[in-house]
Structures are given as C-alpha cells and as structure tokens.
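Q: Please zoom in on a single spot in this model and take your time with it. After that, walk me outwards from there, in plain words, as I'm just starting out with structures.

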Amino acid sequence: MDLLRFGCALLVLAFHWGNGFAYSPPPGGRALLEGMPVDAGWSPFVNSGWIGVELFFVVSGFVIAWSAEASGAASFAGRRLLRLVPSAWICATITAAAMIAFNTLPAGVVVAQWSGSILFWPMFGIDPSYWTLALEVNFYLLIALSLIGGSTLERIERVGVLLGLASAAYWGASLYVEVPSATQRIAQLTLLPHGCFFALGMLIRTRQRLGWRSFRLVYFIPICVAGVMEIDAHRIVINGDRLAYAPPLLLFTLCLLPILFAERLQPQLERHISPSVSTMAGLITYPLYLLHQELGAILIGGFLHLGAGYWPAAAVALVVMLTLSWAIVRAGEPPLRAMLKSFGRSRFVRTNVGEATL
C-alpha cells in the first residue's frame with residue numbers, strides 16, 4: 001500500500017508537470033511559467049495520470065477499513081488528525097512563503113489561502129491539490145461516527161456498502177439531472193461523487209478478512225459502475241475529447257490489482273524491498289502531493305528563467321521536492337505531532353478535572 005500510494009502521487013505529479021503546466025498552470029506558479037518553453041511533448045503518455053486521485057481514495061478506503069477495526073471513535077479520529085494536520089500546516093507554510101518570495105500572487109491573497117489551508121477550509125487552499133483534503137476529512141468523520149457503539153468489520157462493511165450505494169444513486173441520478181457547476185463543490189463534500197472509490201477500498205479489505213463467498217459481493221456491481229461513470233465524467237472535465245475513454249480506466253484497473261492481492265504480494269515484495277524503504281515512500285507521499293503543483297511550478301519556472309530546459313528543470317525540481325518531503329517527514333512532522341498530542345492530553349485532563357469538580 002505504501003508503494004502504491006507513492007506511485008499514485010507520481011502519477012498525479014506526472015500529469016500536472018507533463019500536461020497541466022502547459023495547458024492550465026496553477027494560479028500561483030502561472031506568472032513564472034507564462035512565456036517559458038513548457039514542454040507538453042510527453043502529454044500523450046501522462047494525460048491519464050489524474051486517475052491517481054481516484055486511486056488515492058480507494059487506497060484510503062482500504063487502509064481506513066484496516067485501521068478502524070477494533071478501534072474506538074475517539075482514538076480513530078485522534079490518529080487521523082495527527083496524520084493529516086502536521087504536513088498540511090508545514091506544506092501550506094512552505095508554499096505560501098515561496099509565493100510571497102517570488103511575488104506570484106498578492107500577499108493578501110496568499111495569506112487568505114494559507115489561512116484556509118491550515119484551518120482545513122473546504123472551499124479553497126494554498127495549492128489546488130488541497131481540494132482532496134476536505135473529502136478525506138469528511139470520510140474520516142463518517143467512519144469515526146460509525147465506530148460509536150462498536151467497530152466490527154461487519155459494521156465497517158455496512159458503512160462502505162451504504163456509502164457506495166449512495167454514490168451509485170448519485171451517478172444514476174446524474175443521467176437525468178445535471179448538478180449546477182456552482183454546487184459541484186458542495187456535492188463533492190457530501191462524498192457522493194467519490195464515495196464509490198472509498199467504498200470500493202473498504203469492501204475489498206472487509207471481504208479479504210471475511211471471505212469472498214457472500215451475497216454482499218453483488219454490491220460491488222453498482223459501486224464499480226458508479227466508479228466507471230465518475231472516471232468518464234472526470235476524463236471529460238480534464239481532457240475533453242482529447243483523451244479516449246479506455247486509457248484512464250485501464251490504468252485504474254491495473255492499479256487495483258496490488259490492492260486486491262496485497263496480502264499475497266506483501267511477503268514477495270519484502271524479499272526485494274526493505275520495509276523501511278517502502279514505509280518512507282508511503283510517508284513522503286502526502287507532503288509530496290501537497291507541494292507538487294504550486295511549489296513545483298515555482299521551482300520549474302525559476303529554473304526556466306535561469307536558462308534551463310524544461311525537463312532538466314523538472315528533474316531538479318523533483319529531486320528538491322522529494323528531499324523536502326523527506327525532511328518534512330523526518331524533522332518537521334514529529335515535533336509538531338508531539339505538540340498536538342501534548343495539547344490534546346492537556347485539554348483532556350482539564351476537561352476531566354472540570355467535569356469532576358462539577
């Protein structure tokens with residue numbers, strides 16, 4: 001799962017750097033890329049890389065179904081909070097500092113975007129990639145609420161089935177009623193457009209544990225159909241008619257195989273790849289994803305202004321961002337996470353003391 005997560009991040013990065021920067025660069029990095037020789041020659045090979053986001057959601061559903069088993073609602077929510085917040089705060093601050101340093105956007109706009117990012121405001125962020133964080137947070141809240149009163153695999157699976165069927169109903173209704181563009185973000189926050197992917201990951205995990213011989217397998221059919229419909233709708237929004245239907249769907253299906261056979265692949269991979277290496281790859285995925293658009297555009301644009309070619313500039317930018325992501329994981333996240341843990345414990349103690357006094 002760690003290696004797949006890292007691969008998904010590279011897919012999304014390749015799409016934006018090899019396709020998006022040429023046709024629709026991010027707001028903060030646009031000024032540095034305009035008029036520069038942004039090479040889209042690799043676009044035919046990377047223009048399905050956006051499918052990495054849908055795969056992220058499947059992996060998230062799989063991992064959350066794994067970690068939520070035998071977990072209380074409060075402990076689950078606390079672990080997810082400590083996983084999301086440190087990198088989000090650090091990456092938002094780094095991106096904001098780069099934008100201000102290179103004067104790519106007005107300082108007031110940058111500060112507002114930075115504030116929205118560290119507060120997890122769902123309507124905008126410092127980097128376009130932050131749009132997925134609100135969906136992850138809402139998914140975690142849904143799982144945390146479902147764990148109140150018990151955290152059995154059967155309960156987790158029921159939540160996945162309900163979420164997946166609700167998403168299937170949404171996409172079925174979309175055949176007859178079009179969601180206005182002004183409310184599409186609100187629809188996303190309900191998890192209905194992408195719930196089929198979270199649900200698919202959850203059901204794959206629970207069926208691995210509970211066995212595949214069950215009438216509940218029938219629920220995979222509408223959930224998978226909903227996923228196909230979302231991928232096609234996303235294809236049209238991102239690529240229009242420039243991309244055939246099959247490539248993103250085939251890439252998505254291919255990347256599902258490691259999830260389906262995760263337990264069998266694990267011992268095989270451990271013979272060739274150190275667990276510490278794969279774990280680190282999984283950990284740096286999150287900051288790399290949050291940084292890759294705006295900071296990536298600023299870095300590449302800066303190197304282009306210094307006279308570098310596009311792909312040499314992109315290669316250096318990738319090394320810089322991988323190193324920075326590693327530094328965030330090793331040196332940035334731990335003290336911030338420890339501070340948040342300490343703050344949470346102190347609040348818990350004060351609350352208990354207050355309740356005892358009352």
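**A loop residue and its surroundings**

A: Let's begin with Leu 191, which sits in the loop between α9 (184-189) and α10 (195-210). Those helix names come from DSSP runs (H or I, at least four residues for a helix; E, at least two for a strand), numbered from the N terminus. Before going further, a word on what you're looking at: this is a predicted model, where local features need pLDDT of at least 70 and side-chain atom pairs count only at pLDDT 80 or more, while totals for chains, interfaces and linings use all residues. Residues are numbered from 1 along each chain as its sequence is written, and side-chain values use heavy atoms, with hydrogens and water left out.

Back to our leucine. Leu 191 isn't a glycine, yet its phi is positive, at about 75°. Leu 191 counts as buried because its relative accessibility is 4%; buried means under 20% relative accessible area, exposed over 50%, and partly exposed in between (1.4 Å probe, protein chains only).

Phe 120 makes a nice partner to look at. Phe 120 also has a positive phi without being a glycine, this time near 55°. You'll find Phe 120 in the loop between α6 and α7, and with a relative accessible area of 22%, Phe 120 is partly exposed.

That loop, which runs between α6 (107-118) and α7 (131-146), holds Tyr 130 too. Tyr 130 is buried, with 7% relative accessible area. So what does Tyr 130 touch, once neighbours within four places in sequence are set aside? The list is Ala 88, Cys 91, Ala 92, Ser 117, Gly 125 and Leu 290, where a contact means heavy atoms within 4.5 Å. To link this back to where we started, go to Leu 189, at the end of α9 (184-189): the C-alpha atoms of Tyr 130 and Leu 189 are 13 Å apart, with their positions 59 residues apart along the chain.

Now for helix α5 (residues 73-102), the home of Thr 95. Thr 95 has a relative accessible area of 0%, so this residue is buried. Outside its neighbours within four places in sequence, Thr 95 contacts Ile 126, Leu 291 and Glu 294.

Arg 80 is in helix α5 as well. Here's a curious one: Arg 80 is buried but has no salt bridge, and the nearest side chain of opposite charge, Glu 136, is 6.7 Å away. A salt bridge needs a side-chain nitrogen of Lys or Arg within 4 Å of a carboxyl oxygen of Asp or Glu. Leaving out neighbours within four places in sequence, Arg 80 is in contact with Ile 64 and Tyr 140.

Other charged side chains do pair up, and α10, the helix after our starting loop, takes part. Glu 157 and Arg 207 form a salt bridge, their closest N and O atoms being 2.7 Å apart. Glu 157 belongs to helix α8 (residues 153-173) and Arg 207 to helix α10, so this pair links distant parts of the chain, 50 residues apart. Both Glu 157 and Arg 207 are buried.

Glu 69 and Arg 209 form another salt bridge, with 2.6 Å between the closest N and O atoms. Glu 69 lies in the loop between α4 (51-68) and α5 while Arg 209 lies in helix α10, so the pair ties together parts 140 residues apart in sequence. Glu 69 is partly exposed at 25% relative accessibility, and Arg 209 is partly exposed at 39%.

For a pair within one helix, try Asp 232 and Arg 235: their salt bridge has closest N and O atoms 2.7 Å apart. Both lie in helix α11 (residues 220-239), 3 residues apart, or about one turn of the helix. Asp 232 is partly exposed at 23% relative accessibility, whereas Arg 235 counts as buried at 11%. A search of the whole structure gives 6 salt bridges.

Finally, zoom right out. The protein has 16 helices and 0 strands, and 46% of its 358 residues are buried. Of the contacts with a separation of 6 or more, 81% are between residues 24 or more positions apart. Along the principal axes, the C-alpha atoms fill a box of roughly 60 × 55 × 50 Å.

Key:
Lys, Arg positive; Asp, Glu negative; His and termini not counted.
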